[in-house]
Each structure stands twice: as C-alpha cells, then as structure tokens.
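Thank you all for making time this morning. I would like to walk you through one structure, beginning with its open and enclosed spaces and then turning to its charged contacts and its surface.

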Amino acid sequence: MKISSASEYAESLRRLKTVIYYKGNKIQDVTRHPATSPHVRAAALTYALANQEEYADLATAISHLTGHVISRFTHVHQNVEDLIKKIKLLRVLGQKTGTCFQRCVGLDGINAVYSVVYELDQKYNTDYLERFKQWLIQIQDENLMVVGAMTDPKGDRAKGPADQSDPDQYMHIVKRLGDGIVVRGAKLHMTGAVNSHEILVMPTVAMDERSKDYAFVCAIPVDAQGITMVFGRQANDDRRDKEERIDMGNPSFGTVGGEAIIVFEDVFVPNGRIFMNGETDFTGLLVYRFAAHHRANYGACKTGLMDVLIGAVSYLSQIQGTANASHVKDKITEMIHLCETLYASSIACSAEGCQTPSGAYMVNTMLANVCKQNVTRFHFEIARLALDLAGGFIATLPSQYDLESENLGPIVKKYFSGVENIPTEHRIKIGRLIEAMTGGTALVESMHGAGSPQAQRIMILREGDLDKKIRLAKALLGIPTGDKKS
Ligand code: SF4
C-alpha cells in the first residue's frame, strides 16, 4: 500500500515492530514518544510536501523503472535537472523544519548503490542490479523511508576490518547459506533509523581482498529479527523529553535528525536483498559516490536551516531595538552571504553533475566535497554571528516554568521585554530557537555529518590535480615541462 500523506506515514510506523531503546527503556510508539516524535514529524513533511501543488514538482519525480509518480526521495537521478531539483527541495524542507528531515541518506544510498552495482555486474556478470531494481520498485511504489547505513563502529582506527581483535567492529557476514547470508555488527549515528521502514546496509570503507566478509550491500526491514536500535542523547534532550515546548527551541521538529545505533545480531538476509557479496574492489567506489551525493546535500538542507536562523536573529534584533544599528545590518549581511555561498556550492556540484555508466547521474565530486567542507566552517561562523547578535540572555534566561509562574511570570516578562508592543514570550521563544540551532548537537552534526572535515580534505587534494596546476604555472612562465616533475 502506498504511503500518500504524513498521517499515513505515521500510521505505517505504528504497524512496524521496530525494537528501539532510549535511556534504558523500550519505546512503544515512535510517533508519540517525546524523544522521537519531533523527528517523525520532520520526516513526515517529506510526505506532506508532495501533496502541495506549490512543491509537487520538486517533491516528486517520474520513476525511470515504472513510469509511476514517486517521491523524489526514492528516485534515481536521471539528469542534471533532477540533481538541482533535489537541492531546491532540501532547502525548502530545511526552511520548513529548521532541522534535519532525515530522508536524504536513503536517497543517496539508493543512488550510490544503483550506479556502482551496475558497474559491478558488468565486471563479474552478476545480477545484483536486477535484484536492486526489484527492491527499489517496492520502495518507490509503497513510498517507504530508507535509512542509508554506512558508518561502522571501527574499533581500533589504525586497523582495517580484517585486523580488528573484535570482528564485530565492522559489520560482517557470519554465515553464507544457500538462500542468503547471516550478518552481524552495528551501524552508528543512523539518522532517521527509528522512523524508517528499511535499512540499506553499505560498507563503510574501501576494503582489500582479505575483507570479503565485510564487503556486502543488502536491504533489511527495520523490524527484522535480530535488530535492536538505541536512540542517542542530545544536548537538549531533557527539555524535549519533558515536552517543555518553549525551552526546546524547535518544539515541532526538534534538533538534528534523531540518531541511533542499529545493532544486528545474526540477522538473516535472503538472496533477493543482497546487492554486493564479497566484491571488495567496489567498496571504495561505493563509499566515494555515497559520500559525494550526501556532501552535495549539505549546502542545501543547511541553507534552509540558516534561512530560519537568520530570520530568527533579524526578528530578535527588531524586538531588542537594534535592527537599525549599522553593525547589526553588516553582520546579518555577512550571514546571508555565507548562507548563499553554501547554497551556491550545492547548486554548482549538481549543475556540474554527469552521467555514470548506469545512466544514473552523479554530482561533481570535487565540488561536493568543497560544499561540505564549507558547511563545517560557514555554519559555525553563521552560528557565531547569531550568538553575537542575540546577546547573552540566551545563556541566563529563566525556564518556561518561571515564565508561566503566577509569581515569577510578571517579573520575567518585565525584565526580559524588548521594544513596546511585542510580547516578551516572542523574545524568549526566538532566543530558545537560536540557542537550539547554534548549540552542541546541531553544530556537531554539521561538522561530522556526511563525513568529518578531514575526509573532504583528502578528497579535495586527491582530485585537485596538482600536476596540472604546476604545468599551468610553468607554461605561463615558459619553464619547460617534461622534467622530473610534471
Ligand atoms: Fe538530509 Fe541534511 Fe539531514 Fe543529511 S543532514 S539527512 S542532507 S536534512
């Protein structure tokens, strides 16, 4: 049955038997538990937007497999226009949620696996792509949410998968059976895992011949036997768990995506759901393409968030009577400049995308890495400017209990007020939103989501073609080429 609305999405999650723990207790209903429900609502917006005429062109696509109208979050990019529409869609969703809406990770996994498995089949005469297409058609037709599961625990980082003293530090195949495989291990930091329908498991690093048991791709339902999830803590989770709506900052959609560890304890995967099985020479390509697709997104979703943050700071400046000060205008101008620069890099890596041998389109990998690298700096600078303009009251603001107290409420309202005729609650709510968007969990996510900064720098240097740059410099000055270097 196709999920056609936000409410049907929530209903579909309630039908699943996903095993999720949080603070030591089992979550019975992920759609209603205070820890997870904001993140469910954020993901639900990806479903709702497809029904709004204004956004349908961005939020839906035509499946190249069936010709059906599908969610763009299940689509294999067929051209540059698809890549750009995805970027525009992510910015809109970032603007509407002010947080992570999670569904892009599965989309990027789908696109990476599709293109890589095509090339794998060409080399080894396997039929993985056909299997993948059958699975993907179900995802598209039922409009399911997929969590792209790549990051392994990694144990001792100085050692590869085959050299760990505990083999479970990298997810691996423990048994090969006639009709499938049995897998064990864990995936960390899984955005949207607790409110997805399917897990697309991918290897986490490039692997050598000794790591065949670690080199696999497969799809597993989230509630398959042997799967347990543990939902992570956040800097502000006490406020969220007690549903302190004002103090949460973003009460509707929460902060970041709601991440979990997924533990796989001897989970059986039937052959039809296995899309790579021991072909270590394709693991590096898969990681590379997945990472590039996801890094391209960051200049889009984060730009949407920054739009909200800039709006919040601007409104706060109006409330506080500082909006016309020249330094305030200058700092807001700087925030806008940084925000649009991020967006420009997302658009650029999409516009410079190209077709892979499978027919699916791929972003420009150099520009995608530059895009994510920019996020690890610009988001922090925008947050710094936001805190500069907001003022110190964010750090000392009394709680919403004091605001709502009969005795203390009038005092809080009097001494935390701004210009006349704007309720103090507005200043406090906006302050709390800025606090949530510039605080610990939000910034950590911007730094490490889609790969830590060093991962992008490695790719930037690798793809930077320094030899060519040296030749250019030499040519300009008439220095002969063909010597030892270049
Ligand atoms: Fe999508 Fe951004 Fe969340 Fe990644 S961080 S899943 S790109 S919204």
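How do the residues of the lining of the second largest pocket divide into nonpolar, polar and charged? Before I answer, please keep in mind that what you see is a predicted model. The lining of this pocket divides into five nonpolar, five polar and two charged residues. The pocket itself has a volume of about 240 Å³, and its lining is made up of Thr97, Gly98, Arg245, Ile246, Gly249, Asn250, Pro251, Ser252, Phe253, Val308, Lys429 and Leu433. If you want to place that lining on the fold, the elements that give two or more residues to it are helix 8, which covers 245–248, and helix 15, which covers 424–438.

Let me move from the pocket to the enclosed spaces. Searching the whole structure gives three cavities of 30 Å³ or more, and the largest cavity holds about 100 Å³ of space. There are 14 residues lining the largest cavity, and those closest to its centre are Gly98, Thr99, Val256, Leu305 and Ala442. You may recall Gly98 from a moment ago, since Gly98 also appears in the lining of the second largest pocket. Helix 9, helix 15 and helix 16 each supply at least two residues of the lining of the largest cavity, and by class that lining has six nonpolar, six polar and two charged residues.

The second largest cavity has about 50 Å³ of space, and among the residues that line it are Asp152, Tyr170, Met171, Lys187, Tyr214 and Phe216. Its lining consists of eight nonpolar residues, one polar residue and two charged residues.

Now to the charged contacts. How many salt bridges does a search of the whole structure find? The search finds 30, and I have chosen a few to show you. In one of them, the side chains of lysine 23 and aspartate 241 meet with an N to O distance of 2.6 Å. Lysine 23 sits in the loop between strand 1 and strand 2, whereas aspartate 241 belongs to helix 7, so this pair ties together parts that are 218 residues apart in sequence. The two partners sit in unlike surroundings, in that lysine 23 is partly exposed, with a relative accessible area of 42%, while aspartate 241, at 18%, is buried, because the cut-off for buried is under 20%.

A second salt bridge joins lysine 302 to glutamate 445, where the closest N and O atoms are 2.9 Å apart. This pair links distant parts of the chain, with lysine 302 in helix 9, residues 283–320, and glutamate 445 in helix 16, residues 440–448, which puts them 143 residues apart. Here both lysine 302 and glutamate 445 are buried.

A third salt bridge, between lysine 413 and glutamate 425, has its closest N and O atoms 3.6 Å apart, and this pair connects helix 14 with helix 15 across 12 residues. Lysine 413 is partly exposed at a relative accessible area of 34%, and glutamate 425 is also partly exposed, at 26%. Beyond these pairs, Arg239, Asp247, Arg432 and Glu435 are linked in a network of salt bridges.

Staying with helix 14, let me turn to the surface. Which residues form a nonpolar patch on the surface? They are Leu408, Ile411 and Tyr415, which together have about 330 Å² of accessible area. Tyrosine 415 lies in helix 14, residues 409–415, and at 60% relative accessibility tyrosine 415 counts as exposed.

Finally, I would like to point out two places in the backbone. Most residues other than glycine have a negative phi. Asparagine 421, however, has a positive phi of about 75° although it is not a glycine, and this residue is found in the loop between helix 14 and helix 15. Asparagine 421 counts as exposed, at 78% relative accessibility. Aspartate 465 also has a positive phi, near 50°, and its place is the loop between helix 17 and helix 18. Aspartate 465 counts as partly exposed, with a relative accessibility of 38%.

Technical notes
Residues numbered from 1 in each chain as written. Predicted model: local features only at pLDDT ≥ 70, side-chain atom pairs only at ≥ 80, totals over all residues. Heavy atoms only, no water. 1 Å grid on protein atoms, 1.4 Å probe; cavity = no way out; pocket = protein on both sides within 12 Å on 5 of 7 lines; lining within 4 Å. Points joined across faces, edges and corners; volume = space filled by probe spheres on them. Helix = DSSP H or I, 4+ residues; strand = E, 2+ residues; numbered from the N terminus. Nonpolar A, V, L, I, M, F, W, Y, C, P; charged D, E, K, R; others polar. Patch = residues over 30% accessible without salt bridge, like charges linked within 9 Å, V, L, I, M, F, W, Y side chains within 5 Å. Areas by Shrake-Rupley, 256 points an atom, 1.4 Å probe, with all protein chains shown as cover. Salt bridge = Lys/Arg side-chain N within 4 Å of Asp/Glu carboxyl O. Buried < 20%, exposed > 50% of the residue type's maximum accessible area, 1.4 Å probe, protein only.
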